[in-house]
Amino acid sequence: YDLGIGRFFDPMDYFVAVLSAIVHDLGHDGRNNAYHVSVQDELALTYNDRSVLENYHLSLTFKMLVRDTSTNMLQGLSYAQLAIVRREVID
């Protein structure tokens, strides 16, 4: 069934949506932000108690992508495209 929303998205939008869905809980430890903040663990301290797990998932995602060329699906993008992908995934 076609909802007709495809006309509002370009290929970069689709890419960002799929990438975001894949990585949105990358490395999740089964605990929530409140737990990490209350025990003042490394993640809470690193991310200053703000959206601890969300920031961790995103940081881990981009570290994994840039560290290994065999898994870096962003390597063919221009600097401007990479900036857009990072901004949209992070937002």
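Which residues does Leu65 touch, not counting residues up to four places away in sequence? They are Thr71, Asn72, Met73 and Leu74. Keep in mind that this is a predicted model.

## Overall layout

Let's start with the fold. The protein chain has five helices and zero strands, so reading along the sequence gives the plain pattern α-α-α-α-α, with helices and strands taken as DSSP runs.

As for dimensions, the C-alpha trace spans about 45 × 35 × 20 Å along its principal axes. The radius of gyration of the protein chain is 16 Å, whereas a compact globule of 91 residues would come in near 12 Å. Looking at contacts with a separation of 6 or more, 51% of them link residues 24 or more positions apart.

## Surface and charge

Just 22% of the 91 residues count as buried. The accessible surface of the protein chain adds up to about 6,700 Å², and carbon and sulfur atoms own 56% of that.

On the charge side, there are 7 positive and 12 negative charges in the protein chain. Their mean positions sit 4 Å apart.

## The largest core

In soluble globular proteins, nonpolar side chains tend to be buried together. Here, the largest nonpolar core has 10 residues: Met12, Val16, Leu19, Val23, Leu58, Phe62, Leu65, Leu74, Val85 and Val89. The elements giving two or more residues to this core are α1 (11-23), α4 (52-67) and α5 (79-90). Helix α1 supplies the largest share, with four residues. There is also a second, separate core of five residues, and Leu43, Tyr47, Val52 and Leu53 are among them.

Back to Leu65 for a moment: this residue belongs to the largest core, and so does Leu74, one of the residues Leu65 touches beyond its sequence neighbours.

## A closer look at Val89

Val89 is another member of the largest core, and its place is in helix α5. Is Val89 buried or exposed? Its relative accessibility is 9%, and the cut-off for buried is under 20%, so Val89 counts as buried.

What is Val89 in contact with, leaving aside its neighbours within four places in sequence? The list is Val16, Leu19, Ser20, Leu58 and Phe62. Of these, Val16, Leu19, Leu58 and Phe62 are themselves listed in the largest core. Val89 and Tyr79 are 10 residues apart in sequence, and their C-alpha atoms are 15 Å apart in space.

## Loops with positive phi

Two residues are worth a look for their backbone angles. Gln40 isn't a glycine, yet its phi is positive, at about 50°. You'll find Gln40 in the loop between α2 (33-38) and α3 (42-46). Its relative accessibility is 56%, and exposed means over 50%, so Gln40 counts as exposed.

Asp49 is the other case: phi is near 65°, again a positive value in a residue other than glycine. This one is in the loop between α3 and α4. With a relative accessible area of 44%, Asp49 is partly exposed.

Arg50 is also placed in the loop between α3 and α4. At 61% relative accessibility, Arg50 counts as exposed. How far apart are the C-alpha atoms of Arg50 and Asn33, which are 17 residues apart along the chain? They are separated by 8.4 Å.

Methods:
Residues are numbered from 1 along each chain as its sequence is written. This is a predicted model: local features need pLDDT of at least 70, side-chain atom pairs count only at pLDDT 80 or more; totals for chains, interfaces and linings use all residues. Side-chain values use heavy atoms; hydrogens and water are left out. A nonpolar core is a set of buried Ala, Val, Leu, Ile, Met, Phe, Trp, Tyr and Cys residues joined through side-chain atoms within 4.5 Å. Buried means under 20% relative accessible area, exposed over 50%, partly exposed in between (1.4 Å probe, protein chains only). Contact means heavy atoms within 4.5 Å. The radius of gyration is taken over C-alpha atoms; the globule rule is 2.2 Å times the number of residues to the power 0.38. Accessible areas come from the Shrake-Rupley method with a 1.4 Å probe; for residues, only the protein chains shown count as cover. Lys and Arg count as positive and Asp and Glu as negative; His and the chain ends are not counted. The place of a charge is taken as NZ of Lys, CZ of Arg, CG of Asp or CD of Glu.
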